[in-house]
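This report describes a pocket, a surface patch and a pair of residues. The sequence and structure come first.

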Amino acid sequence: MMNRRLILTLLMMALAPVASAQTGLDIVTVADNAGGGQTYTLSIQILLLMTALTLLPAGLLMMTSFTRIIIVLAILRQALGTAQTPNSQVLIGLALFLTFFVMAPVLDQIFQGSVQPYLAEDITLNEAVQEAALPLREFMLAQTRENDITLFSDLSGTEVSSVNEVPFRLLVPAFVTSELKTAFQIGFLIFIPFLIIDLVVASVLMSMGMLMLSPLIISFPFKLMLFVMVDGWALIIGTLASSFYV
């Protein structure tokens, strides 16, 4: 159910320029309807749908909490010195499920305020997309730094009077930039205790004259022991999840 909600949400964001449509038989036909909108043929609808599907991975990466989570997990693996353990598939799977968990309140708002009324034919596709964009916009604005918004508004030459009026074409790159900065800040704090262990082990080995023995071999079990003793996985996952709603 959570996967279906996320897919429907991203499809609505990708189909924002498309008006309410009905099925047709001609290959390419665009007709004006009584309400002032336009009706597209079935072939055009399928083409737009398939095009939107190609944007789903980018939307999942750039408009959700996935970026911060996967970067922190990758830095954690590097700090532990476990090479490819856990492997990339495990980290990506964990990051995806954590993303669904973090985005659950946003997805519920979108599903109740946009998807359900649209499926019940109470609102048009354009109205559904506009309603779906509001919770996602609030989530992204809460995680985006104002200086990042200012940076991209200056680069594009767009004057933004308030953060609530930031267009999506500026909000998305500003959000990604803020997520990268936050992820590296968290990764830096994670890396410090493991770095201290490496330094202590290297100093002890050097003082004992054991220069031919790699400090990483000796420090690795100590880092694993420290990580297990502090219940590291629960601590990292809990910190990541709570960092989005502080």
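## The second largest pocket

The second largest pocket has a volume of about 230 Å³. It is lined by 13 residues, and those closest to its centre are I190, P193, F194, L235 and I236. The model is a predicted one.

Three helices each supply at least two residues of this lining: helix 9 (168–207), helix 10 (215–229) and helix 11 (232–242). Sorted by class, the lining of the second largest pocket holds 11 nonpolar residues and two polar ones, with no charged residues.

## A nonpolar surface patch

A nonpolar patch of about 930 Å² lies on the surface. Its members are F188, L189, I192, I196, V200, V204, M208, M210, L213 and I217. Helix 9 gives the most to this patch, contributing six residues. Helix 9 also supplies at least two residues of the lining of the second largest pocket.

One member of the patch, L213, is found in the loop between helix 9 and helix 10. L213 has a relative accessible area of 30%. Because this value falls between the limits of 20% for buried and 50% for exposed, L213 is classed as partly exposed.

## L61 and V176

L61 is part of helix 3, which covers residues 56–62. The relative accessibility of L61 is 34%, so L61 counts as partly exposed.

How far apart in space are L61 and V176, C-alpha to C-alpha? The distance is 8.9 Å, while in sequence the two residues are 115 residues apart.

Note on methods. Residues are numbered from 1 along each chain as its sequence is written. This is a predicted model: local features need pLDDT of at least 70, side-chain atom pairs count only at pLDDT 80 or more; totals for chains, interfaces and linings use all residues. Side-chain values use heavy atoms; hydrogens and water are left out. On a 1 Å grid over the protein atoms alone, a cavity is a set of points where a 1.4 Å probe fits but cannot get out, and a pocket is an open set with protein on both sides within 12 Å along at least five of seven lines; lining residues have an atom within 4 Å of a point. Grid points are joined across faces, edges and corners, and a volume is the space filled by probe spheres set on the points. Helices (H or I, at least four residues) and strands (E, at least two) are DSSP runs, numbered from the N terminus. Ala, Val, Leu, Ile, Met, Phe, Trp, Tyr, Cys and Pro count as nonpolar, Asp, Glu, Lys and Arg as charged, and the others, Gly among them, as polar. Patches are made of residues with over 30% relative accessible area and no salt bridge: like charges are joined within 9 Å, nonpolar side chains (Val, Leu, Ile, Met, Phe, Trp, Tyr) within 5 Å. Accessible areas come from the Shrake-Rupley method with a 1.4 Å probe; for residues, only the protein chains shown count as cover. A salt bridge is a side-chain nitrogen of Lys or Arg within 4 Å of a carboxyl oxygen of Asp or Glu. Buried means under 20% relative accessible area, exposed over 50%, partly exposed in between (1.4 Å probe, protein chains only).
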